[in-house]
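Q: I am new to this structure and would like to learn how to read its features one at a time. Could we start with the cysteines and then move on to the helices and the surface?

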Amino acid sequence: MPPRKRLDPTAPMTMKELKDTLWKAADKLRGSMDASQYKDVILGLVFLKYVSDAFEERRDQIRADLAAEGYREDQIEGLLDERDEYTGHGVFWVPATSRWGYLAEHAKGLPAEAGRAAQTIGELVDGAMDHIMGSNPSLAGTLPRIYNRDNVDQRRLGELIDLFNDARFRGDGATRARDLLGEVYEYFLGKFAAAEGKRGGEFYTPPGVVRVLVEVLEPYRGRVYDPCCGSGGMFVQTEKFLERHDADTQAISVYGQEANERTWRMAKMNLAVHGLNANLASRWGDTFARDQHADVQMDYVLANPPFNIKDWARAESDPRWVYGVPPAGNANYAWIQHILSKLAPGGSAGVVMANGSMSTTSGGEGEIRARIVEADLVSCMVALPTQLFRSTGIPVCLWFFATDKTAGPRGAVDRTGQVLFIDARNLGYMVDRAERALSDEDIARIADTFHAWRGTPSAFDAGLTYDDVPGFCRSATLAEIKEAGYALTPGRYVGAAEAEDDGEPLERKIERLRGELLAAFDESARLEKVVREQMERVRG
């Protein structure tokens, strides 16, 4: 059944219309290839549609501006192809045969003509990707060229082009188009992560978890780094944080590395869509085998490393192992030490880890953790609720590190020799039976608690002050942590929540409970007598 035509095909689509239309497109390929393959196909087409729509919108604006200035039509046509008029306004240059209108016109392919062989729609799309990369150096080596492969049904691909032709990323300027596509791209990443199950976790961290990291760290300016950046969600949320606070998005420099080629390409597209000029290195690569930003110290690190990796590039002499050589069978403390090695003076980091990292003693990990604690690098530990990740059932926590906890620009309260523990396991709400999410209030509660503890400018502006809250948060000393065997599980420190006072006087409550207990004993004796009588009757 063909998609229902919209009443006004020139009007910008609502977000729901856009998502519904594009997810229908994904469904068209679902039967002929696996989730990871159709993810690449669909996201590539979404990106191609976006750059083309943004280009055409800028073209219309140039035409209107020139006409208003009194230029004749022939003069306007001669000026419409000035590349600087596009690239200077943050719009990618799109060659004529890469524009969506051209592809939609030839959705069934190009027939053979004199001196030219027939071309499938897949060949045309691959060519469009080539030409866009050739015209925009920042996209070199990024876009997928997979549309003419044997496993891509060319008839279905043509139908996809037709369906995408009804999706408009236009209407309110290139920035609006970028915002729309950015949201669609993130929506698709989440849907594909759910479809791919465990592998989906390789490129996708739930936005709520990323927001906790960003809101706690408050990366307003400086170098922001993710050593295993997946599809770039940490950077996107950093940009959103800056926008929410009306801060300069150009005040940060983004650095990342990703080991998986397809995920690296996905990140490059995602960040391009959001207008982030990120340095993800010239190609993908293993962070342990070769740090591609080895000479750069970072002001902020945000990361969700793969949990409990057993097969990793381990070299015992690696200078990053300042606090001890990580065991061959688990890379958790390799990630932690790599991240610590990247922090500039005054730098801070937030890292997602499996809960076991907080208390493990196997393979020397306990000794490594003890040295990190004694170096006073841990600022805060957060235990998160279960079921936040569809890709894994492993409970997770957040480690926050700081190279300087003295009073200064990052906080007016000297927290040297202290660690804040937050037990957030009871926060969140169920989206469905399988997935939990953190609300805006949950995220704010965690971040506000940290900021109040540290005495940050944002806490001062909001009038926040810190107090231990039994069952939720507590500031512990290094001596207390040492006494606990250097375990960093928040539940060990925050204690139990205080019971609410119901207003009943203690003497009356004791008497009432005594009466209820005696009544329960009497009822138990009565039931025992009944059971014995029934058993005697059966025996007789």
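A: Let us begin with Cys228, which is buried, with a relative accessible area of 13%. Please keep in mind throughout that this is a predicted model.

Q: How many disulfides are there by the distance rule?

A: The general idea is that a disulfide is a pair of cysteine sulfur atoms within 2.5 Å. By this rule the count here is zero. Cys228 takes part in no disulfide, and the nearest cysteine sulfur, which belongs to Cys229, lies 7.9 Å away.

Q: Why is Cys473 without a bond to the closest cysteine sulfur?

A: The closest cysteine sulfur is that of Cys380, and because it is 9.3 Å from the sulfur of Cys473, the two are too far apart for a bond. Cys473 also counts as buried, at 2% relative accessibility.

Q: Is Ala334 buried or exposed, and which residues is it in contact with, leaving aside its neighbours within four places in sequence?

A: Buried means under 20% relative accessible area, and Ala334, at 0%, counts as buried. This residue sits in helix H12, which covers residues 332–342. Once its neighbours within four places in sequence are left aside, Ala334 is in contact with Phe288, Trp312, Trp321 and Pro326. In the case of Phe288, the two residues are 46 residues apart along the chain, yet their C-alpha atoms are separated by 8.2 Å.

Q: Which residues of helix H7 are buried?

A: A general point helps in reading such a list: an α-helix has 3.6 residues a turn, so residues three or four places apart point the same way. In helix H7, residues 154–164, the buried residues are Leu157, Gly158, Leu160, Ile161, Leu163 and Phe164. At the start of H7, a side-chain oxygen of Asp153 comes to within 2.9 Å of the backbone nitrogen of Arg155.

Q: What covers the buried residues of helix H13?

A: Helix H13, residues 365–374, is mostly covered, with seven of its 10 residues buried; among them are Ile368, Ala370, Ile372 and Val373, as well as Glu365 and Arg369. The cover over these buried residues includes H12, strand E5 (378–383), strand E6 (396–402) and helix H16 (478–483). Just after H13, Asp376 takes a positive phi of about 60°.

Q: Which residues make the nonpolar surface patch?

A: Leu517, Leu518 and Phe521 make a nonpolar surface patch of about 290 Å². Of these, Leu517 is found in helix H18, residues 506–539, and is partly exposed, with a relative accessible area of 46%.

Conventions: Residues numbered from 1 in each chain as written. Predicted model: local features only at pLDDT ≥ 70, side-chain atom pairs only at ≥ 80, totals over all residues. Heavy atoms only, no water. Buried < 20%, exposed > 50% of the residue type's maximum accessible area, 1.4 Å probe, protein only. Helix = DSSP H or I, 4+ residues; strand = E, 2+ residues; numbered from the N terminus. Contact = heavy atoms within 4.5 Å. Patch = residues over 30% accessible without salt bridge, like charges linked within 9 Å, V, L, I, M, F, W, Y side chains within 5 Å. Areas by Shrake-Rupley, 256 points an atom, 1.4 Å probe, with all protein chains shown as cover. Salt bridge = Lys/Arg side-chain N within 4 Å of Asp/Glu carboxyl O. Polar contact = N/O pair within 3.5 Å; in protein donor to acceptor, adjacent residues only side chain to side chain.
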